[in-house]
Amino acid sequence: MRNRRLIPITVCCLVVIAIGIAFMRHRRSDETPDADGSRPAPAVSVATAEVGRIANELTVAGVFQPFQEIDVHGKVSGYIRHIYVDIGDRVRQGQTLAVLEVPELQAEVAGAQAGVTQTEQNITRLKNEVSREEAGYAAVHANYVRLKQAFDLQPGLVAAQELDDARAKDLAAAAQVDAAKSAVAAAQGQLGVSRAENLRVSSMEQYATITAPYSGVVTMRYADTGALIPAGTAEGLNQAVVRLAQSDVLRLRMPVPERDVPMVHEGSTVMVHVQATGQSFSGTVVRFTRDVSNSTRTMLTEVDVKNPSLTLTPGMYADVTFNLEEKDNALIVPASAIIQGDQPSVMLVDSGNHVQKRPVVLGIASANAQEITSGLQSGDRVIIGGLSTLQIGEAVKPQPAPSDLANYQKGAQ
């Protein structure tokens with residue numbers, strides 16, 4: 001019985017030993033030198049340096065903002081009699097948004113108009129006074145002239161005292177005419193003041209009708225019918241009636257990293273991809289702050305986007321791609337082939353399939369590709385991946401890289 005139990009255990013041990021022997025033989029066969037006694041050449045992935053187009057691109061996230069957005073206040077204080085808009089409504093410039101009830105203002109308008117009328121009537125009365133004074137002056141002056149002529153023609157015919165009295169009356173009448181004219185001028189000045197006051201209160205009455213300063217969309221409504229709206233100029237009171245945003249043109253704002261700021265200019269072309277709608281379109285940089293934020297080390301940049309159908313909504317995000325630099329007929333290799341350092345270099349495979357290391361001068365870099373301005377020629381085979389395990393002069397078996405130039409050029413574009 002005991003021997004029967006040992007048989008399965010023995011069989012299992014023999015199977016394990018056989019597997020171990022097979023593994024060792026396979027390992028030894030892998031380590032067997034070539035016929036000349038050297039190690040087998042390792043396989044390396046290579047890509048061919050080719051001429052093509054490369055672009056240095058920057059992709060940042062941007063957010064859409066209204067071109068302009070304000071809270072619309074009342075110029076005068078009053079109760080809302082009617083409010084004609086609600087959130088989401090599109091309005092035109094000059095369209096009435098709400099009408100305020102301001103009874104005391106109506107009384108001020110009536111008082112100002114009455115003041116103008118009263119001043120005009122006073123001017124008419126004073127002008128009549130001028131005419132009366134001028135008529136009296138004419139009679140007195142004519143009497144003085146006759147006496148003066150008689151005195152000059154026949155001295156002693158008219159007493160000197162009588163002539164002096166006539167002269168005094170003439171001067172007094174002339175002074176009264178001047179005074180009457182001055183009163184008319186003063187009344188006309190007062191008329192200007194009254195008309196200015198009437199214009200002021202009439203303008204204030206017009207402010208009781210709140211209108212849209214520009215075409216846009218109502219994004220918030222703060223008050224309802226009957227609510228008391230303080231004047232927008234009242235200190236400490238800033239309740240608005242509605243918020244109005246101009247959304248037919250949007251500002252697409254995005255932060256540009258400090259290192260890329262020198263390459264951003266007005267008129268720079270960008271590609272915009274809106275994630276929410278799937279739209280893609282080109283745009284142009286129209287303004288930037290020319291100031292790098294101390295906290296984020298970025299510069300705020302804006303692109304104006306036309307949005308007549310309001311398909312895009314403020315607050316949406318978009319991916320914005322800048323073409324910072326681009327070049328045609330550039331010698332391009334995969335970025336993974338570059339050995340960075342004080343002197344950048346690449347490892348390449350020569351015609352005899354041996355490894356060489358060559359210093360290069362770098363040009364424009366994209367996400368997946370690198371321009372070589374000096375050190376390589378078109379057709380050179382550069383090694384990508386596993387560079388740290390290779391030795392200069394070592395024989396290798398070059399194999400085409402899984403990602404050919406077309407792929408990393410596509411990434412560069």
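Is R290 buried or exposed? Select R290 to begin the tour of this predicted model. With a relative accessible area of 60%, R290 is exposed, because the cut-off for that class is over 50%.

**Stop 1: R290 and R297**

Keep R290 selected and show its backbone. R290 lies within strand β11, which covers residues 280-292. The phi angle of R290 is near 60°, a positive value in a residue that is not glycine.

Next, select R297. R297 sits in the loop that runs between β11 and β12 (298-306). Here too phi is positive, at about 55° for R297, and R297 is not a glycine. R297 has 35% relative accessibility and therefore counts as partly exposed, since that class lies between the limits of 20% and 50%.

**Stop 2: strands β13, β16 and β17**

Select residues 369-374, which make up strand β17. Then add residues 317-334, strand β13. β13 and β17 run antiparallel and are joined by 3 bridges. To find a point of contact, pick I332, whose bridge partner in β17 is E371.

Now add residues 361-365, strand β16. β16 also pairs with β17 in the antiparallel sense, over 3 bridges. On this side, pick V361 and look across to S374 of β17, which stands opposite. To see the connection between β16 and β17, follow the chain from one strand to the other: a hairpin of 3 residues joins them.

While side chains are on display, a general point applies: in a regular strand they alternate between the two faces of the sheet.

**Stop 3: residues 109-136**

Select residues 109-136. UniProt, in an unreviewed entry, places the feature "coiled-coil region" at these positions. In the model, the chain over residues 109-136 is 100% helix and 0% strand. Put a distance label on the C-alpha atoms at the two ends of this stretch: they are 41 Å apart.

**Stop 4: a nonpolar surface patch**

Select I87, M220 and Y222, and switch on a surface. These residues form a nonpolar patch there. Together, I87, M220 and Y222 have about 280 Å² of accessible area.

Which loop holds I87? I87 is in the loop between β3 (78-83) and β4 (90-91). How does I87 count, as buried or exposed? I87 counts as exposed because its relative accessibility is 52%, and the cut-off is over 50%.

Notes:
Residues numbered from 1 in each chain as written. Predicted model: local features only at pLDDT ≥ 70, side-chain atom pairs only at ≥ 80, totals over all residues. Heavy atoms only, no water. Patch = residues over 30% accessible without salt bridge, like charges linked within 9 Å, V, L, I, M, F, W, Y side chains within 5 Å. Areas by Shrake-Rupley, 256 points an atom, 1.4 Å probe, with all protein chains shown as cover. Salt bridge = Lys/Arg side-chain N within 4 Å of Asp/Glu carboxyl O. Helix = DSSP H or I, 4+ residues; strand = E, 2+ residues; numbered from the N terminus. Buried < 20%, exposed > 50% of the residue type's maximum accessible area, 1.4 Å probe, protein only. UniProt positions renumbered as here; feature names shortened; annotations may be inferred. Pairing = 2+ DSSP bridges.
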